[in-house]
Amino acid sequence: MRVMITGGAGFIGCNFVRHVLENHPGYQVVVLDKLTYAGRMENLQDVMGRIEFVQGDICDRQAVDSVIRSCDAVVNFAAETHVDRSISDAGSFVRTNVLGTHTLLEAARDLGLEKFVQIGTDEVYGSTDVGSFSEADPLNPSSPYSASKAGADLLARAYFITYGLPVCITRSSNNFGPYQYPEKLIPFFVLRALQGERLPVYGSGKNVRDWLYVRDNCAAIDLVLHKGRPGEIYNIGGGNELSNLEITSRILSHLKKPASLIEHVADRLGHDFRYSIDSAKMRNLGWRSQLNFEEALNETIDWYLKNDGWWRSLL
Ligand SMILES: NC(=O)c1ccc[n+]([C@@H]2O[C@H](COP(=O)([O-])OP(=O)(O)OC[C@H]3O[C@@H](n4cnc5c(N)ncnc54)[C@H](O)[C@@H]3O)[C@@H](O)[C@H]2O)c1
């Protein structure tokens, strides 16, 4: 199989590229990535000899056509992803997440692809104080980021219903692991704590997120790519719900840093209180989270300790 991985130079994308190379040695991988601030060639350095890389924008039909035409499947990770950035500038989110996904879907429409996997997020369901969302629940996004991702999901599903494009959509919870850009909570706090700087926790710090190890997410996406039923949506949750204060304390304790580094700051605008999804459908497909959360978190923190060359230039 020849797989087009858009956004393959970003956090989850580069982990998925490695997952495919390790688990499907006969596959050809082509990465299409615009290399925004979040996409970095360093993320693919050790695998560059084993993949094809094209720098290009998913909104650019010519660039998309030049890659997609030779491929059997597409996994679309390319996106603007940081909620805080979407609050200050929503335009690039609408452009890449909605129009870019539309460009890919149009280019894919009549090619006879085996699968088009659209990578979505649990944030499209919005916040809930109790229970967990299933794939059939209505979408209720709060931020420009999640609204743009919901738009992309709906378009992708419409291309299945209208044109029969074999689309599957994954909606995962918050990922963590190696190569995550240090604007996201875990690497941001790890790097600040390492430098003895304060950790700015939004509001009360009681907001809850369900943490998913990126390698578990990659295994789930692989399963959806091969076994997902066209037209279906699959929630991928880590089953590790923690408040922001709890995860911050675990980071500080692994790094042996004092709790006095925590600083409460004004809450994020429109901050969702709790995300929670039910992953029963994914489990029915045969997926199980493989890693103990504590071990995965500590391994991730240690990865940042060992790879300071990767992050120092980003600070
Ligand atoms: N990180 C998470 O916790 C999480 C959770 C659920 C879903 N997701 C989704 O997973 C996907 C990947 O997330 P991530 O955390 O790896 O993101 P990231 O920000 O680390 O990487 C995004 C990648 O997309 C590329 N990109 C951006 N705009 C592009 C464009 N117009 N054309 C081509 N490439 C472009 C960037 O260069 C970068 O390599 C996204 O679709 C995101 O919405 C992420």
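This report covers the main sheet, the helices across it, a second set of paired strands and the surroundings of the ligand. The model is predicted.

**The seven-stranded sheet**

Seven strands make up an open sheet with parallel pairing. Their order is S3-S2-S1-S4-S5-S6-S10. Strand S3 (52–55) and strand S10 (233–236) sit at the edges, and each of them pairs on one side only. On average, neighbouring strands of this sheet are turned by 20° against each other, direction ignored.

At the S10 edge, strand S6 (residues 167–172) is the partner. Four bridges join S6 to S10, and the two run parallel. One residue pair can be picked out on screen: threonine 170 has tyrosine 234 in S10 as its bridge partner. In a regular strand, side chains alternate between the two faces of the sheet.

**Helices across the sheet**

Helix H2 (residues 61–68) lies across four strands: strand S1 (2–6), strand S2 (28–33), S3 and strand S4 (73–76). Helix H2 runs at about 175° to S2. Helix H7 (residues 214–227) lies across S4, S5, S6 and S10. The angle of H7 to S6 is about 160°. Strand S4 is crossed by H2 and also by H7.

**Strands S7, S9 and S11**

Strand S9 pairs with S7 and with S11. The table sets out the two pairings.

| Strand pair | Sense | Bridges | A partner pair |
|---|---|---|---|
| S7 and S9 | parallel | three bridges | phenylalanine 176 and tyrosine 213 |
| S9 and S11 (residues 241–243) | antiparallel | three bridges | arginine 209 and leucine 242 |

How covered is strand S9 (residues 208–213)? Mostly: five of its six residues are buried.

**Around the ligand**

The ligand is surrounded by 30 residues. The closest are Gly7, Gly10, Ala38, Gly39 and Ala79. By type, the shell divides into 12 nonpolar, 13 polar and five charged residues.

Which elements each supply at least two residues of this shell? They are helix H1 (11–23), helix H4 (91–108), strand S5 (115–121) and strand S7 (174–176). Helix H1 gives the largest share, three residues.

Two of these strands link the shell to the strand pairings above. Strand S5 supplies shell residues and is a member of the seven-stranded sheet. Strand S7 also supplies shell residues, and S7 pairs with S9.

Definitions and conventions
Residues numbered from 1 in each chain as written. Predicted model: local features only at pLDDT ≥ 70, side-chain atom pairs only at ≥ 80, totals over all residues. Near = placed C-beta within 6 Å. Nonpolar A, V, L, I, M, F, W, Y, C, P; charged D, E, K, R; others polar. Buried ≥ 20, exposed ≤ 12 C-beta atoms within 10 Å, placed from the backbone. Pairing = 2+ DSSP bridges. Axes fitted to C-alpha atoms, helices over the stretch in contact; angles between N-to-C directions. Contact = placed C-beta atoms within 7 Å.
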